[in-house]
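Reader: Please take one strand of this model and go through it closely, residue by residue where that helps. After that, set it in the context of the sheet and the helices.

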Amino acid sequence: MSVLGHKLSPLAKHLVKYANVLNTEIELVEDNDPRLEKKAAAHYDSKTNKILIKTSVNFKGIGSEPTLLHEIIHALTVKELNNNPNSKEVKELVKLYEHAKKHISSDVYGMKDINEFVAELFTNDDFINQLKDIPAIDSVKYKNLFQEFFVLFLLVKVVFEKPLYTVEK
Ligand SMILES: [Zn+2]
């Protein structure tokens, strides 16, 4: 899967620009670096604002772009999701995550917590397809849970000073 051919490619590219704004550093590390979870290709460390990425990840089939993008999504969202759990915006996102829990097995990586849920939603085709099979909470407005979450994410101020899109009334 390449970010270029990905259906979320335009948005992904838009988000990548913000990594610079955040001054997030990218550090290439060895496969056995203790800061990486077992089997993880990369990790975002919110304390140091650093993305750690395995040197070898470039040479594996999936390529480094989706991996890097996944970590950039963390860099953009972790602070708000973890520090402001009671904000209206975060509560809305968590509500949809809780709804997804009723339909998707907890073994799926994107269901680990709200942070992985958001990151996988932007970068994992399989996960996106699973969410598309789940009915939306507001089934009048949205076709499925993926669409509902995605539209909501674009509207809330989790990442940006202003929402990416606004709803026309
Ligand atoms: Zn992650």
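Author: Asp-45 lies in strand β2, which covers residues 42–45. The model is a predicted one, and what follows describes that prediction. Asp-45 is partly exposed, because 18 other C-beta atoms lie within 10 Å, and a residue needs 20 or more to be buried. Leaving aside neighbours within four places in sequence, Asp-45 is in contact with Arg-35, Lys-50 and Leu-52. Asp-45 and Val-78 are 33 residues apart in sequence, and their C-alpha atoms are 9.7 Å apart in space.

The rest of β2 follows an alternating pattern. Ala-42 and Tyr-44 point to one face and are buried, while His-43 and Asp-45 point to the other face and are not buried. In a regular strand, side chains alternate between the two faces of the sheet.

The pairing partner of β2 is strand β3, residues 50–54. The two strands run antiparallel and are joined by 4 bridges. Two of the bridge pairs can be named: Ala-42 has Ile-53 as its partner in β3, and His-43 has Leu-52. Strands of a sheet pair through backbone hydrogen bonds, either parallel or antiparallel.

β2 and β3 form a hairpin, with 4 residues between them. Asn-49 lies in the loop between these two strands. Its phi is near 55 degrees, a positive value in a residue other than glycine. Most residues other than glycine have a negative phi. Asn-49 is partly exposed, because 14 other C-beta atoms lie within 10 Å; the exposed class would require 12 or fewer.

The hairpin is part of an open sheet of 3 strands, in the order β1-β3-β2, with mixed pairing. β1 (25–29) and β2 are the edge strands, and each pairs on one side only. From one strand to the next, the twist averages 20 degrees.

Which residues does Glu-71 contact, leaving aside its neighbours within four places in sequence? They are Ala-42, Tyr-44, Ile-51 and Ile-53. Ala-42 and Tyr-44 are the buried residues that point to one face of β2, and Ile-53 is the bridge partner of Ala-42. Glu-71 is located in helix α2, residues 65–83. With 25 C-beta neighbours inside 10 Å, Glu-71 counts as buried. Glu-71 and Leu-52 are 19 residues apart along the chain, and their C-alpha atoms are separated by 8.6 Å. Leu-52 is itself the bridge partner of His-43 and a contact of Asp-45.

The wider chain can now be set around the strand. The protein chain has 6 helices and 3 strands. From the N terminus on, the elements run α-β-β-β-α-α-α-α-α. Of the 169 residues, 27% are buried. Among contacts with a separation of 6 or more, 52% are between residues 24 or more positions apart.

Three of the helices can be described by their burial. Helix α3 comprises 14 residues, 88–101. At 1.5 Å a residue, α3 should span 20 Å, and its end C-alpha atoms are 20 Å apart, which agrees. The buried residues in α3 are Leu-93, Leu-96, Tyr-97 and Ala-100. Seen down the axis of α3, the buried residues fall within an arc of 105 degrees, so they line one face of the helix. On the other side of α3, Lys-88, Lys-91, Lys-95, Glu-98 and Lys-101 are exposed.

Helix α4, residues 114–123, has 7 of its 10 residues buried, so it is largely enclosed by the rest of the structure. The buried residues are Phe-117, Val-118, Ala-119, Glu-120, Leu-121, Phe-122 and Thr-123.

In helix α5, residues 125–132, Phe-127, Gln-130 and Leu-131 are buried. Seen down the axis of α5, these fall within an arc of 100 degrees, so they line one face of the helix. Asp-126, Asn-129 and Lys-132 are exposed on the other side of α5.

To return to the strand: β2 is an edge strand of the sheet, joined to β3 by 4 bridges. Its residues Ala-42 and Tyr-44 are buried on one face and are in contact with Glu-71. Asp-45 points to the other face and is partly exposed.

How values were computed
Residues are numbered from 1 along each chain as its sequence is written. This is a predicted model: local features need pLDDT of at least 70, side-chain atom pairs count only at pLDDT 80 or more; totals for chains, interfaces and linings use all residues. Two residues are in contact if their C-beta atoms, placed from the backbone, lie within 7 Å. The expected span of a helix is 1.5 Å times one less than its number of residues. The arc is that of the directions from the helix axis to the C-beta atoms. Two strands pair if DSSP finds at least two bridges between them. Axes are lines fitted to C-alpha atoms, for helices over the stretch in contact, and angles run from 0 to 180 degrees between N-to-C directions.
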